[in-house]
Amino acid sequence: MTYVDQYQYIGCGVCATKCEFDAIKLVRKYNAPSLPQNMIAPTIAKYSKERSESCFEVRNMHEMGVMLNIVDEVDEIARQNQVKRVCRLTLEISDITGVLPEYMEACWPAIQDQYELFADAELKMIPVKAYGTCQSCGRDFNLMEHDGTCPFCKASRYRVISGDELIIRDIAVE
């Protein structure tokens, strides 16, 4: 059996569908509720079409897998603290995580429909800028503003020093 690195895995399930040998099997780590696999694409398509035509074509976006992992985590925290309803979920999303806030937003109505815990919850996302240190001159710079090229010496080798995370910042509850 092939295993997926849990520190790299985001929950999208694409690896299992792409493996030509059918060697990758996904096993849920928690027993938290989640959308049935056959509901993910149709639900996202339904809600995305209302927002924009271009999002409608993105059926296998990894943001749904990311969102489901976040929901599992929040559900676990809510159960441990006897929380029945979440009013607001605030996420910090770096601009180099590969997670697009607009797609996370497109997932949210499906989450609200499927999870009573989030039925009336607001999703708030705070963008986080990514910074790196140039490996040549040692100066810090904004990675996205400069396309990963140091504005001081024009080198393209850098070490990320901040802004490569997706964090549950806070959970407001009733």
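## Confidence

This is a predicted model. The chain has a mean pLDDT of 76, and 65% of its residues reach 70 or more. Over residues 28–60 the pLDDT is below 50. In the model, that stretch nevertheless has 48 contacts beyond near neighbours in sequence.

## Helix 4

Helix 4 covers residues 62–80, a run of 19 residues. From first C-alpha to last, helix 4 reaches 28 Å, close to the 27 Å expected at 1.5 Å a residue. After helix 4 comes Q82, whose phi is positive, near 50 degrees.

Buried residues in this helix include M64, M67, L68, V71, V74 and A78. Two acidic positions, D72 and D75, are buried as well. An α-helix has 3.6 residues a turn, so residues three or four places apart point the same way.

## The largest nonpolar core

The largest nonpolar core holds 25 residues. Within this core, the residues with the most contacts are M67, L89, L91, M104, W108, I111 and F118. At least two core residues come from each of helix 4, strand 1 (86–94), helix 5 (101–114) and strand 2 (122–128). Helix 4 gives the most, with eight residues.

What does W108 touch, leaving aside its neighbours within four places in sequence? W108 is in contact with M67, L89, F118, A121, E122 and L123. Of these partners, M67 belongs to helix 4, and M67, L89 and F118 are also listed among the core residues with the most contacts.

## A second core

A second core, of six residues, is separate from the largest one. Among its members are A130, C134, F141 and C150.

Definitions and conventions: Residues are numbered from 1 along each chain as its sequence is written. This is a predicted model: local features need pLDDT of at least 70, side-chain atom pairs count only at pLDDT 80 or more; totals for chains, interfaces and linings use all residues. Side-chain values use heavy atoms; hydrogens and water are left out. Helices (H or I, at least four residues) and strands (E, at least two) are DSSP runs, numbered from the N terminus. The expected span of a helix is 1.5 Å times one less than its number of residues. Buried means under 20% relative accessible area, exposed over 50%, partly exposed in between (1.4 Å probe, protein chains only). A nonpolar core is a set of buried Ala, Val, Leu, Ile, Met, Phe, Trp, Tyr and Cys residues joined through side-chain atoms within 4.5 Å. Contact means heavy atoms within 4.5 Å. pLDDT is the predictor's confidence in each residue, from 0 to 100.
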